[in-house]
Amino acid sequence: IGFVFGLGHGYVIDLAGKFVGSTVSYALGRTALRTCIQKLLLRNTLGGELLHIFEAEAASKPYMTATVLRAAYFPISLKNYGLALLNVKLMPFVVTTLPFELIDTYLPIAVGASAKDLAALLRGQVPANSQSAQHAWIQFGLVSFAAVGTVVLLVGFGLVTKRLISKRRRVIEERNDAR
């Protein structure tokens, strides 16, 4: 989209599409597809365990759970259906969707938008000292910064998610041992 519409228009179009699509997925997950998704997850031992772990976490910390799921490196539809399945209310869904999508949307749109300028620069079709060349290098720097930031977020929230799963497993084991 960034290649076709440029950074500004492409960003707005993509962000609006993601938000509308996310909201529709969430609404479907809270209503029509809820039972189907639960059955699919509960058939798988790990899926069922993770569902119970995250349900308990979502009940006690809906904003933190929504933030962790939003930051996880899953397809966006899984995040939306997952938040719906965990009974995360609309407000935590919206509050966590907007900031993450503002950031997540930038990188692919910027890559597309800068591809034309950067390709021309690397082929030598743009004079090195021109304003177009400076613009292409600035875009390349911003894309690189966003890519590194994405990796840092993925690692950080992956560690948080792992810690939450371990914590819930310990709580479940302690409850089972107490019986």
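Which backbone oxygen lies 2.5 Å from a polar atom of the side chain of T97? In this predicted model, the partner is the backbone oxygen of F93. T97 belongs to helix α6, which spans residues 90-122, and its relative accessible area of 0% places T97 among the buried residues. Once residues up to four places away in sequence are set aside, T97 touches F19, S22 and R70. On helices in general, it helps to recall that an α-helix has 3.6 residues a turn, so residues three or four places apart point the same way.

Attention can now turn to the nonpolar interior. The largest nonpolar core holds 15 residues, and the members that touch the most others are Y26, L83, L86 and V88. Helices α3 (45-60), α4 (62-71) and α5 (76-85) each provide at least two residues of this core, with the largest share, four residues, coming from α3.

V88 offers a convenient viewpoint on these surroundings. With neighbours within four places in sequence left out, V88 is in contact with Y26, R30, A58, P62, A66, L83 and F93. F93 thus appears twice in this account, as a contact of V88 and as the residue whose backbone oxygen lies 2.5 Å from a side-chain polar atom of T97.

Helix α5 deserves a closer look as well. Its buried residues are K79, N80, L83, A84 and L85, and among them L83 is also one of the core residues that touch the most other members. After α5 comes N87, which has a positive phi, near 65 degrees.

Note on methods: Residues are numbered from 1 along each chain as its sequence is written. This is a predicted model: local features need pLDDT of at least 70, side-chain atom pairs count only at pLDDT 80 or more; totals for chains, interfaces and linings use all residues. Side-chain values use heavy atoms; hydrogens and water are left out. A nonpolar core is a set of buried Ala, Val, Leu, Ile, Met, Phe, Trp, Tyr and Cys residues joined through side-chain atoms within 4.5 Å. Buried means under 20% relative accessible area, exposed over 50%, partly exposed in between (1.4 Å probe, protein chains only). Contact means heavy atoms within 4.5 Å. A polar contact is a pair of N or O atoms within 3.5 Å; within protein, one must be able to donate a hydrogen and the other to accept it, and residues adjacent in sequence count only if both atoms are side-chain atoms.
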